[in-house]
2 protein chains.
Amino acid sequence: MIEPGTRRHAIDMVASELFHTNGYAATSVRDIAKALDIQAASMYAHVASKEDVLWSIVDGAATAFERRADDALGDASATDPVDRLAALVEAHVEVITADPQRSSVFVTEWRHLSPERRSAISDRRDAYEARFRTAIEDGIAVGAFGATDPALAATFLLTALNGIATWYRPDGRLSADRIADHYVDLALRSLSEDHR
Amino acid sequence: MIEPGTRRHAIDMVASELFHTNGYAATSVRDIAKALDIQAASMYAHVASKEDVLWSIVDGAATAFERRADDALGDASATDPVDRLAALVEAHVEVITADPQRSSVFVTEWRHLSPERRSAISDRRDAYEARFRTAIEDGIAVGAFGATDPALAATFLLTALNGIATWYRPDGRLSADRIADHYVDLALRSLSEDHR
DNA sequence: CCTACCGATCGGTAGG
DNA sequence: CCTACCGATCGGTAGG
């Protein structure tokens, strides 16, 4: 973990914003350094490479999603599949709205990681998505959700959820809490029994 | 419109794939030229700039979405708000699965366009999203959909829909038709009356 | 954290 | 569509 308040931490915050706005490949080490008012070469006193900066952002975001999902599923109330899915959706929205730049870099820039790191993230994403899929499967099994393709439904929900990172603004029309409430509702309804 | 079969068209197809896989900024003019077995300088006999290639891909995708939505709404059966939304969702999925690379470039790479082109695309996206929002509003007004925030619901659906461009593979487990059917279902259910 | 610098690569042009 | 080339910028290193 990187200590808040350190220069290393400031690098990640500044880089998150630049990678979010312009993308990793279109952001130069000089851009990051300029935002910190230091020389480009001085960046290398704190990081070994530009890719290491991307990695710490992506790894930090992945860890945040995993921890919040653990907490959400750890609650005693989360034995019911519907409650479990609701808790997962709420946790996911909260992680995104707490740091939309980092989240959007996680969602969109991981292809610029080295093959090893990319595949490690891919595995963690699969495990994370499996929590959603399992909650959906269990909900169908007990008749709380309508029959559907659980893997596809999980992907449907997670892409909608991740989309928040691309459009959310802290000063926007809806607060993070309201968005979370609405998305939990939309998610649960999308899995409800047939609407006809 | 660019004639299929021409070199100019081949440039767009090759560039779509490279921009989709590596991103616009991480793809060089030399990468595109190499895939076409010509020299980088020869590219400029066909295009004025790298950004022009991105523009023709993004503009082509935007036009495809607009046309298919027009067709979908032009059908006589599409006076009912629920049918209208279903037709919009189906059309959107079909445009994406017909050319996922172009669609994903449209969704993720428009920030690399010039400010004028970016704002033109932003306006067209807003108009396109308004069709979804209006169908949702009308559906709520006639009691076919449950009460919800129409703008947020439209964003929820469109981000889920656009996500298809990032994961769809023609040789995947589900055919394009099956995906469209499932997504229409998920979309309509997500807007249904309260599930409790 | 700085100055000074490196080889590689970038988008694009000139002239055929 | 090619060869030859341009100035700018890239990620990163040496040495303090």
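Helices (H or I, at least four residues) and strands (E, at least two) are taken here as DSSP runs, numbered from the N terminus. On that basis chain A has eight helices and zero strands, its elements running α-α-α-α-α-α-α-α from the N terminus on. Along the principal axes, the C-alpha atoms of chain A fill a box of roughly 60 × 40 × 30 Å.

The model is predicted, so that local features need pLDDT of at least 70 and side-chain atom pairs count only at pLDDT 80 or more, whereas totals for chains, interfaces and linings use all residues. Residues are numbered from 1 along each chain as its sequence is written, chains are lettered from A and ligands numbered from 1 in the order in which they are written, and side-chain values use heavy atoms, with hydrogens and water left out.

**The DNA strands**

A residue is near a strand if one of its heavy atoms lies within 4 Å of it. Around DNA strand C there are 15 residues, of which Arg7(A), Gln39(A), Ser42(A), Arg30(B) and Lys50(B) come nearest. Of the atoms of DNA strand C that come within 4 Å of the protein, 57% belong to sugar and phosphate. The surface near DNA strand C comprises six nonpolar, six polar and three charged residues, where Ala, Val, Leu, Ile, Met, Phe, Trp, Tyr, Cys and Pro count as nonpolar, Asp, Glu, Lys and Arg as charged, and the others, Gly among them, as polar.

DNA strand D also has 15 residues around it, and those that come nearest are Arg30(A), Lys50(A), Arg7(B), Gln39(B) and Ser42(B). Sugar and phosphate make up 57% of the atoms of DNA strand D that come within 4 Å of the protein, and the surface near DNA strand D has six nonpolar, six polar and three charged residues.

The table gives polar contacts to the two strands, a polar contact being a pair of N or O atoms within 3.5 Å; within protein, one must be able to donate a hydrogen and the other to accept it, and residues adjacent in sequence count only if both atoms are side-chain atoms.

| Protein atom | DNA atom | Distance |
|---|---|---|
| Arg7(A), side-chain N or O | strand C, phosphate oxygen | 3.1 Å |
| Ser42(A), polar side-chain atom | strand C, phosphate oxygen | 2.5 Å |
| Arg30(B), side-chain N or O | strand C, base nitrogen | 2.8 Å |
| Thr27(A), backbone N or O | strand D, phosphate oxygen | 3.5 Å |
| Ser28(A), side-chain N or O | strand D, phosphate oxygen | 3.5 Å |
| Arg7(B), polar side-chain atom | strand D, phosphate oxygen | 3.0 Å |

**Helix packing in chain B**

Helix 3 (residues 50-74) and helix 6 (residues 115-141) of chain B pack at an angle of about 20°, with their axes 11 Å apart; axes are lines fitted to C-alpha atoms, for helices over the stretch in contact, and angles run from 0 to 180 degrees between N-to-C directions. That angle makes helix 3 of chain B roughly parallel to helix 6 of chain B, a term for angles under 35 degrees. The residues of this contact between helix 3 and helix 6 of chain B divide into eight nonpolar, one polar and eight charged. Among the residues of helix 3 of chain B that meet helix 6 of chain B (contact means heavy atoms within 4.5 Å) are Glu51(B), Asp52(B) and Asp59(B), while the helix 6 side includes Arg117(B), Arg124(B) and Arg131(B).

The axes of helix 4 (residues 81-98) and helix 8 (residues 176-190) of chain B come within 9 Å and cross at roughly 145°. The residues of the contact between helix 4 and helix 8 of chain B divide into 12 nonpolar, one polar and one charged. Val82(B), Leu85(B) and Val89(B) are among those in helix 4 of chain B, and Ile179(B), Tyr183(B) and Leu188(B) are among those they meet in helix 8 of chain B.

Methods: Angles under 35 degrees count as roughly parallel, over 145 as roughly antiparallel, 65 to 115 as roughly perpendicular and the rest as oblique.
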